[in-house]
Amino acid sequence: MPTIVHHKGNLDESPHPPNTLEAIRASLQADAEWIEVDIRALKGGADFLLVHDEMLEEETSGSGAVDATTVDEALKLRVKDREDYSIPLLSDVVSLFEGHVGRTKLQLDFKNVFPFADNRPLERLIDIIEPLGERVHLSSAADWHLRRLRRLAPW
């Protein structure tokens, strides 16, 4: 039987925008086997924003580069053309998963491409996702990030 992955945390014909907590919650309630979301590092790697593109104005009410945005600024962002939805942080998604008992696994599509100056963003990513253990899978076109993550967290 094929594996169904809820792309950007969304069910078919969902009333919720992709990559939102509401969409992810609906997929969890539907007992999805896998939920995939896009993530990008915020300024200093303090947390990660659920967006696909590197510029905020593509998907959000903000403007500028995601990696120049602080956590406090990110908390004020809204989904473009859907102001009733906020843009979640990865830490919020992990909390939602921790509170859900079930088989659902989380796939993180790590969208940052350029290497980081140091390991802080990757170490923070590890700290955020570690509570999910084997329920989380990380994918990225930037294999150098994956190799560095493997060295930092062999699990």
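How many helices and strands does the secondary structure of the chain come to? It comes to five helices and seven strands, where helices (H or I, at least four residues) and strands (E, at least two) are DSSP runs numbered from the N terminus.

A note before the views: this is a predicted model, with residues numbered from 1 along each chain as its sequence is written. Local features need pLDDT of at least 70 and side-chain atom pairs count only at pLDDT 80 or more, while totals for chains, interfaces and linings use all residues; side-chain values use heavy atoms, with hydrogens and water left out.

**View 1. The whole chain, from the N terminus on.** Read along the chain, the elements run β-α-β-β-α-β-β-α-β-α-β-α. The radius of gyration is 15 Å, close to the 15 Å that the globule rule gives for 155 residues, so the chain is as compact as a globular protein of that length. (That radius is taken over C-alpha atoms, and the globule rule is 2.2 Å times the number of residues to the power 0.38.) Along its principal axes, the C-alpha trace spans about 40 × 35 × 25 Å. Of the 155 residues, 46% are buried; buried means under 20% relative accessible area, exposed over 50%, and partly exposed in between (1.4 Å probe, protein chains only). Take the contacts between residues at least 6 apart in sequence, and 62% of them join residues at least 24 apart. Contact here means heavy atoms within 4.5 Å.

**View 2. The surface and its charges.** About 8300 Å² of the chain is exposed, and carbon and sulfur atoms supply 50% of that area. Accessible areas come from the Shrake-Rupley method with a 1.4 Å probe, and for residues only the protein chains shown count as cover. As for charge, there are 18 positive and 28 negative side chains, and the centres of the two sets lie 4 Å apart. Lys and Arg count as positive and Asp and Glu as negative, with His and the chain ends not counted; the place of a charge is NZ of Lys, CZ of Arg, CG of Asp or CD of Glu.

**View 3. A cluster of phenylalanine rings.** Two aromatic pairs turn up in this chain. Rings of Phe, Tyr and Trp (its six-membered ring) pair if their centres lie within 6.5 Å; planes under 30 degrees apart count as stacked, over 60 as edge-to-face and the rest as tilted. F48 and F110 make an edge-to-face pair, 6.0 Å centre to centre with 70 degrees between the planes. F48 sits in strand 3 and F110 in strand 6 (residues 105–110), so this pair ties together parts that are 62 residues apart in sequence. F48 is buried at 0% relative accessibility, and F110 is buried at 1%. F110 also pairs with F116 in a tilted arrangement, 6.2 Å centre to centre and 35 degrees between the planes. F116 is buried too, with a relative accessible area of 16%. Put together, the ring pairs link F48, F110 and F116 into a cluster.

**View 4. Positive phi between strand 1 and helix 1.** K8 is found in the loop between strand 1 (5–6) and helix 1 (21–29), and N19 is in the loop between strand 1 and helix 1 as well. Phi of K8 is near 55 degrees, a positive value in a residue other than glycine. N19 isn't a glycine either, yet it has a positive phi of about 60 degrees. Buried or exposed? K8 is partly exposed, with a relative accessible area of 21%, whereas N19 is buried at 3%.

**View 5. The loop ahead of helix 2.** D67 is found in the loop between strand 3 (48–49) and helix 2 (71–74), and T69 is in the loop between strand 3 and helix 2 too. Setting aside residues up to four places away in sequence, D67 touches A41, L42 and K43. With its neighbours within four places left out, T69 is in contact with L42, K43, L56 and A74. T69 is buried, with a relative accessible area of 6%. For a sense of scale, D67 and L106 are 39 residues apart in sequence and 23 Å apart in space, C-alpha to C-alpha.

**View 6. H100 in its loop.** H100 lies between helix 3 (90–98) and strand 6. At 19% relative accessibility, H100 counts as buried. Which residues does H100 touch, not counting those up to four places away in sequence? They are L28 and R135.
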